[in-house]
Protein chains: 2
Amino acid sequence: MTDTRPPRADAVRNRAALLSAAADEFAERGMDASVADIARRAGVGKGTVFRHFPTKDDLIAAIVLDRVGELTTAGDRLRDAADPGGALLEFLTIAAQQRQQRDLSFLHVAGDTNAAVAEARDQMYRTVHDLVDRARTHGALRTDVTGTDVILLMCAPNYVASYAPGASPDLWRRYLGILFDGLRPQGAHPLPEPPPPAL
Amino acid sequence: MTDTRPPRADAVRNRAALLSAAADEFAERGMDASVADIARRAGVGKGTVFRHFPTKDDLIAAIVLDRVGELTTAGDRLRDAADPGGALLEFLTIAAQQRQQRDLSFLHVAGDTNAAVAEARDQMYRTVHDLVDRARTHGALRTDVTGTDVILLMCAPNYVASYAPGASPDLWRRYLGILFDGLRPQGAHPLPEPPPPAL
DNA sequence: CGATAAACGGACCGCGCGGTCAACTTGTAC
DNA sequence: GTACAAGTTGACCGCGCGGTCCGTTTATCG
């Protein structure tokens with residue numbers, strides 16, 4: 001019935017090349033990198049892109065799905081760490097490190113049009129909430145900060161660092177450090193605004 | 001010789017309407033709001049836009065120039081405040097408050113193509129450096145943070161808050177609070193990465 | 001080998017963008 | 001009121017984008 005023969009060898013090769021090229025291109029130029037450029041970088045024709053991914057959004061979704069999956073895996077591994085505060089910091093480090101992409105903002109975007117991405121995203125969100133709750137309970141996090149806050153703040157270090165012209169590609173670590181100091185309970189000042197609705 | 005008669009009344013009216021409409025449109029849709037939409041919003045034809053601003057970039061530059069000017073003025077006023085730490089916080093509040101635009105990132109962009117914007121931007125940067133230096137000397141800021149750091153981080157609260165769907169338009173205040181706690185000297189952990197080259 | 005379907009490639013399409021222009025309208029000065 | 005320059009307008013242009021399509025190539029299998 002649904003007997004589908006395995007795909008051709010060159011097809012799987014091209015698909016992998018496309019995903020890699022697209023990831024690089026999106027990381028360098030942002031989400032508006034053109035499909036033609038991606039095809040050229042992968043060494044295939046433009047039509048081949050659309051054979052594998054019916055829409056540019058589908059290509060983005062494939063990459064996002066991959067990244068978000070890695071993130072969830074890493075987060076789940078860190079859930080049982082002895083030091084929940086360090087675990088959260090490490091999770092945020094992994095999140096920012098992912099191919100030092102300009103930002104993870106397209107995550108929110110892509111999820112709105114693709115159900116699979118939305119599902120993976122929500123799973124990742126749950127993992128973050130969990131890590132945050134553990135860190136807070138453990139006294140490693142200020143009490144007035146929520147998982148949603150951290151989800152939103154996650155992208156900030158990369159975003160900020162991307163506007164420094166000649167800086168080290170690891171500059172985001174600096175701003176993650178500052179951000180994380182702001183999340184610690186020591187010397188936390190009351191926040192003037194309530195947390196946003198949960199994500 | 002360069003005797004230029006004053007512009008017509010409707011021209012100055014349209015110019016003002018255009019600037020206002022463009023500011024709104026850019027605030028809502030980001031920098032890729034179309035010129036046609038801006039013209040429609042201002043109630044004028046598309047050609048009129050280009051009569052007043054030869055290029056879309058010139059229109060952006062006019063707005064940015066205005067905002068950056070306000071910011072510099074506010075910063076200069078705050079330079080003599082009794083409490084340099086509070087002054088810096090107030091400056092960052094004003095910066096984020098500016099029409100709650102999605103981000104100030106286009107500032108960096110616009111400066112690369114327009115000399116006047118670059119000049120105003122640099123002046124504003126100097127003001128920030130000054131405010132930061134005073135706050136640091138006063139013990140209100142961690143010692144390992146530079147003016148350039150603050151310039152880069154300035155945009156973060158707005159950026160982060162813009163990704164919360166149904167949240168309060170003042171949500172940025174919350175993230176500015178967290179960020180500023182990360183900038184305080186109390187309980188600051190050493191940063192893993194050196195500061196970026198000065199802006 | 002062929003035979004065949006899967007995969008490929010690039011010319012092509014429609015669209016919306018920033019920007020131009022020539023015909024038209026209107027504020028202003030006398 | 002009239003003349004004229006300043007201002008306005010929307011049709012129009014070229015371009016690059018995402019996406020389509022069909023003639024061609026090629027991996028696979030008996």
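A residue counts as near a strand when one of its heavy atoms lies within 4 Å of that strand. Keep that cut-off in mind as you set up your selections, and remember that this is a predicted model.

**Stop 1: DNA strand D**

Start by selecting DNA strand D and the protein around it. Of the strand D atoms within 4 Å of the protein, 63% belong to sugar or phosphate, and the rest belong to bases. There are 22 residues around this strand, and those that come nearest are A:Lys46, A:Lys56, B:Arg8, B:Asn14 and B:Arg51.

Now show side chains and zoom in on the bases. A polar side-chain atom of B:Arg8 lies 2.4 Å from a base nitrogen of strand D. Chain A has its own Arg8 to look at here: an N or O atom in the side chain of A:Arg8 is 3.2 Å from a base oxygen of strand D. For a backbone contact, move to A:Lys56, where a polar backbone atom is 2.6 Å from a phosphate oxygen of strand D.

Colour by secondary structure next. H1 and H3 of chain A, along with H1 and H3 of chain B, each supply at least two residues of the surface near strand D. The largest share, 5 residues, comes from H3(B). By class, this surface divides into 7 nonpolar, 7 polar and 8 charged residues.

**Stop 2: DNA strand C**

Switch your selection to DNA strand C. Which residues are closest to it? Among the 22 that surround strand C, the closest are A:Arg8, A:Asn14, A:Gly47, B:Lys46 and B:Lys56. Sugar or phosphate accounts for 64% of the strand C atoms within 4 Å of the protein, with bases making up the rest.

Follow the phosphates along this strand. At A:Gly45, a backbone N or O atom lies 2.9 Å from a phosphate oxygen of strand C. At A:His52, a polar side-chain atom lies 3.0 Å from a phosphate oxygen of strand C. Chain B takes part too, through a polar backbone atom of B:Ala9 that is 3.3 Å from a phosphate oxygen of strand C.

Helix H1 (9-29) and helix H3 (46-52) of chain A, together with helix H1 (9-29) and helix H3 (46-52) of chain B, each give at least two residues to the surface near strand C. Here H3(A) provides the largest share, 5 residues. The surface near strand C has 7 nonpolar, 7 polar and 8 charged residues.

**Stop 3: the annotated domain**

Select residues 12-71 of chain A. An unreviewed UniProt entry annotates this span as "domain: HTH tetR-type". The span is 82% helix and 0% strand, and its end C-alpha atoms lie 24 Å apart.

**Stop 4: the largest cavity**

Hide the DNA and turn to the protein interior. The structure holds 8 cavities of 30 Å³ or more. The largest has about 120 Å³ of space. To find it, select A:Ala156, A:Leu179, B:Leu153, B:Ala156 and B:Leu179, which lie nearest its centre among the 13 lining residues. Helix H9 (156-161) and helix H10 (171-183) of chain A, and helix H9 (156-161) and helix H10 (171-183) of chain B, each give two or more residues to this lining. The lining comprises 13 nonpolar residues, no polar and no charged.

**Stop 5: A:Arg184**

Finish in the segment after H10 of chain A, where you will find A:Arg184. Is this residue buried or exposed? A:Arg184 is buried, because its relative accessible area is 17%, under the 20% cut-off. Its side chain makes a polar contact of 2.7 Å with the side chain of A:Asp181. A second polar contact, of 3.2 Å, joins the side chains of A:Arg184 and B:His189.

How values were computed
Residues are numbered from 1 along each chain as its sequence is written. Chains are lettered from A and ligands numbered from 1 in the order in which they are written. This is a predicted model: local features need pLDDT of at least 70, side-chain atom pairs count only at pLDDT 80 or more; totals for chains, interfaces and linings use all residues. Side-chain values use heavy atoms; hydrogens and water are left out. A polar contact is a pair of N or O atoms within 3.5 Å; within protein, one must be able to donate a hydrogen and the other to accept it, and residues adjacent in sequence count only if both atoms are side-chain atoms. Helices (H or I, at least four residues) and strands (E, at least two) are DSSP runs, numbered from the N terminus. Ala, Val, Leu, Ile, Met, Phe, Trp, Tyr, Cys and Pro count as nonpolar, Asp, Glu, Lys and Arg as charged, and the others, Gly among them, as polar. On a 1 Å grid over the protein atoms alone, a cavity is a set of points where a 1.4 Å probe fits but cannot get out, and a pocket is an open set with protein on both sides within 12 Å along at least five of seven lines; lining residues have an atom within 4 Å of a point. Grid points are joined across faces, edges and corners, and a volume is the space filled by probe spheres set on the points. UniProt positions are given in the numbering used here, feature names are shortened, and annotations may be inferred rather than shown by experiment. Buried means under 20% relative accessible area, exposed over 50%, partly exposed in between (1.4 Å probe, protein chains only).
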